Amino acid sequence: MMRSIFIVLSLFIFTTWKACNSAVLPKWVYRVDSCPDPKDIYQWINASKALNCHHDLMSKDPKEQELVYHCLPSIYLNETVEFCGRSGPIAPGFCPIYNYGSTSATYKTCSDFTNGCPTAMFHSKNVYQHPECLKLNRISRCFEAQTNCSQSTATISYKTTTENRQRMLTSTTSVYTYVDGDTKHEDSVDVVKMSAVTNSNNIYILITVSSLAVTILLIVGLTFLLRKRIYIQYK
């Protein structure tokens, strides 16, 4: 009996850990190692073209805000994703994030940031204007700018992920120059094609699920012993 229970719990732990470790993304959302450099608007425009987003990232036309390039932290703050979605307004004091299954950005408060929290309303596609909303400590699952975010050596620095981005596969597309709110077409060059990279907190999930399993095993074991003792007494 105990052996059967152990096997069932082992299967439960394995399947639960796998499900939590790699959340299912819609077909139009892709995991990436990092977002384009917030200081380089060309990278964002080129990433938009590489993903074939229908609407121009720089367009101010209200009718062209439905399928715009986004690169955002996930709601769990342990990975970064890119997708073409609706650009919505983000209130002051919040950072845009991606919630699994959504077609547009949602938001998370940044009131506990030490610096860089947006102080004015902006649209989610313009997150590059607020770099602190893109910098994550993926191990601790927090924004680096948060007061209580652990600044451990495991922190994924923006510099490192940006350098890694430059070494990924490239594809040829058109480059655009941003000049005072307008775009001007230039020569065709190689631009970064970001690969899908899964960055999940394996240790945290494993410890949580294991603790739950141990608790269940203790309860089952105590119940079994208690029933056996009662059986012996009344035998």
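1. In this predicted model, the side chains of H70 and S124 make a polar contact at 2.8 Å. The H70 side chain has a second partner as well: the backbone oxygen of V68, at 2.9 Å. V68 and H70 both fall within strand β2, which covers residues 68-73.

2. Is H70 buried or exposed? H70 is buried, because its relative accessible area is 1% and the cut-off for buried is under 20%.

3. Which residues surround H70, leaving out those up to four places away in sequence? H70 touches V81, E82, F83, G85, R86 and S87. A105, S124 and K125 are also touched by H70. S124 is thus on this list and is the polar partner named above.

4. Now the surface. L222, F224 and L225 form a nonpolar patch there. Together these residues have about 310 Å² of accessible area. F224 sits in helix α4, residues 202-234.

5. F224 counts as partly exposed because its relative accessible area is 33%, and that class lies between 20% and 50%. H70, by contrast, is buried.

6. A word on confidence. Mean pLDDT for the protein is 74. A value of 70 or more is reached by 63% of the residues.

7. Two stretches deserve a separate mention. Residues 14-21 stay under 50 in pLDDT. The model gives them nine contacts beyond four places in sequence. Residues 152-204 are also below 50. That stretch has 113 contacts in the model beyond near neighbours in sequence.

Key: Residues are numbered from 1 along each chain as its sequence is written. This is a predicted model: local features need pLDDT of at least 70, side-chain atom pairs count only at pLDDT 80 or more; totals for chains, interfaces and linings use all residues. Side-chain values use heavy atoms; hydrogens and water are left out. Patches are made of residues with over 30% relative accessible area and no salt bridge: like charges are joined within 9 Å, nonpolar side chains (Val, Leu, Ile, Met, Phe, Trp, Tyr) within 5 Å. Accessible areas come from the Shrake-Rupley method with a 1.4 Å probe; for residues, only the protein chains shown count as cover. A salt bridge is a side-chain nitrogen of Lys or Arg within 4 Å of a carboxyl oxygen of Asp or Glu. Helices (H or I, at least four residues) and strands (E, at least two) are DSSP runs, numbered from the N terminus. Buried means under 20% relative accessible area, exposed over 50%, partly exposed in between (1.4 Å probe, protein chains only). pLDDT is the predictor's confidence in each residue, from 0 to 100. Contact means heavy atoms within 4.5 Å. A polar contact is a pair of N or O atoms within 3.5 Å; within protein, one must be able to donate a hydrogen and the other to accept it, and residues adjacent in sequence count only if both atoms are side-chain atoms.
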